[in-house]
Structure formats: C-alpha cells, structure tokens
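Please look through the structure shown here and read the report that follows, which takes up helices and aromatic rings in turn.

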Amino acid sequence: MVAWLIATGGPATQAGDAVAQLIGRPAGAWEFTDWLNSPRLKLEELKGKVVLIRWWTAPGCSYCQATAPALNEFHADYHAAGLEVIGAYHHKVPGPVKVETVKELADGLGFKFPVAVDPGWKTLKRWWLSTGDRDFTSVSFLIDRHGVVRHIHPGGQFVKGDEDYAAMKRMVEELLAEK
C-alpha cells in the first residue's frame, strides 16, 4: 500500500517517507549466489532491461505463496518486452541453505525466471533492512533500464485484483514503455 501511495502521489506516511528516500537512487550491486533457471546475473549487465526483484522464502510464507502467481504472470507477459523478474531467496529456517531445497521450493511455486540465494541476507540487509524500520522481508524492488530504483512494494503480498498488484503492473508497463 505504501508503494502505491508513493507511486500515485497519495498521502505519505513516515514509513512511506523512508521508502520514498530509496526511490530515484541507483540500485547497488547484489551479492546473490547459487543461480537457478539462469547463469549468474549481475545488475550492471542488465542495463537496458527493467528488473523486478522479489525476496521470497518458503516453506510457510503465505505472502510469498500468494505473490508467486503475479511474479509468474509478469515474467510470462513481459519478459519478451524487456522485464527480468528475479527471485532472491532468503533463508529463514534453521540449518544451512541447501540449493536442492531452494530449487524444489522455486519449482513448487512455478518459478521459471532466474532465482538466486541471498546468503546471510547480505543484499536484503543493505538494500532494505538497514534503511529503516521494516515490517517485511518479502520486499520487491522495480529497477528501470538505467539501474535506478523506481518502485518498491514494501512486503507482504500483491495479488491480481488488489491495489498493490495494479500499481506494480502499471509501473512495469510504464518503465517498459520508457526508452
């Protein structure tokens, strides 16, 4: 909801102000490992594409499960037009990350787009958790063709039919239309 308010010029809250401070800034490099469905990707190599990064975890994250169909839809509908959807897995269960388990979880959610592990939440902490008081780790960043953060969904879910989904779809389409 906060990202929608910012994107549409609605009233900002204190949390919205913190998110607004991240909008318009270049996205930093990520420290993702263990890529699935893709060779290793670097953000600087994706210049010219619109990039949607969604941090997710499983099993047991109802927000991640609810948002998976929207991510799959965006990938299917917009990849050919220049959208790169990336799933960044952040491990929340006890014990070490097992890439085979991440693959099973990603396959179970139907992810055909690139998926990587964010070890120790390095990038999530640097991009999101260290920038303010955050309620969610299942955040989504939308980055334009020049590597600039243009929209943030601050966590929870976005599903077809809700305002957050509509805002994300609108922003994806706007950024794809920009050259």
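## Two helices and a set of aromatic rings

In this predicted model, the residues of helix 3 that are buried are Cys64, Thr67, Ala68, Ala70, Leu71, Glu73, Phe74, His75 and Tyr78. Helix 3 covers residues 62-78, and at 1.5 Å a residue its 17 residues should span 24 Å, which agrees with the 25 Å that separates its end C-alpha atoms. Along the way helix 3 bends by about 35° at Ala68, and a proline, Pro69, follows within four residues.

Helix 6, made up of residues 163-177, can be checked by the same reasoning: at 1.5 Å a residue, its 15 residues should span 21 Å, and its end C-alpha atoms are indeed 21 Å apart. The buried residues in helix 6 are Asp164, Tyr165, Ala167, Met168, Met171, Val172, Leu175 and Leu176. Seen down the axis of helix 6, these buried residues fall within an arc of 165°, so they line one face of the helix. At the start of helix 6, the backbone nitrogen of Asp164 has a side-chain oxygen of Asp162 within 3.2 Å.

The aromatic rings give a further view of the structure, in which a search of the whole finds 15 aromatic pairs. A pair of aromatic rings is described by the distance of the centres and the angle of the planes. Two of the pairs are set out below.

| Pair | Centre to centre | Angle between planes | Kind |
|---|---|---|---|
| Trp56 and Phe111 | 5.3 Å | 85° | edge-to-face |
| Trp128 and Phe141 | 6.0 Å | 90° | edge-to-face |

Which parts does the pair of Trp56 and Phe111 tie together? Trp56 lies in strand 2 (residues 50-56), while Phe111 lies in the loop between helix 4 (99-108) and strand 4 (115-117), so the pair ties together parts that are 55 residues apart in sequence. Trp56 has a relative accessible area of 1% and is therefore buried, and Phe111, at 2% relative accessibility, counts as buried too.

In the pair of Trp128 and Phe141, Trp128 belongs to the loop between helix 5 (122-127) and strand 5 (140-143) and Phe141 to strand 5, so that parts 13 residues apart in sequence are tied together. Both Trp128 and Phe141 are buried. These two residues also belong to one aromatic cluster, which is formed by Trp30, Phe32, Trp35, Trp55, Trp127, Trp128 and Phe141. Finally, the ring of Trp128 has the charged end of Arg134 sitting over it, 3.8 Å from the ring's centre.

How values were computed. Residues numbered from 1 in each chain as written. Predicted model: local features only at pLDDT ≥ 70, side-chain atom pairs only at ≥ 80, totals over all residues. Heavy atoms only, no water. Helix = DSSP H or I, 4+ residues; strand = E, 2+ residues; numbered from the N terminus. Expected span 1.5 Å × (residues − 1). Buried < 20%, exposed > 50% of the residue type's maximum accessible area, 1.4 Å probe, protein only. Arc of directions from axis to C-beta. Polar contact = N/O pair within 3.5 Å; in protein donor to acceptor, adjacent residues only side chain to side chain. Phe/Tyr/Trp six-rings, centres within 6.5 Å; stacked < 30°, edge-to-face > 60°. Lys NZ or Arg CZ within 6 Å of the ring centre and 35° of its normal. Bend = angle between axes of the 7 residues up to and from the residue.
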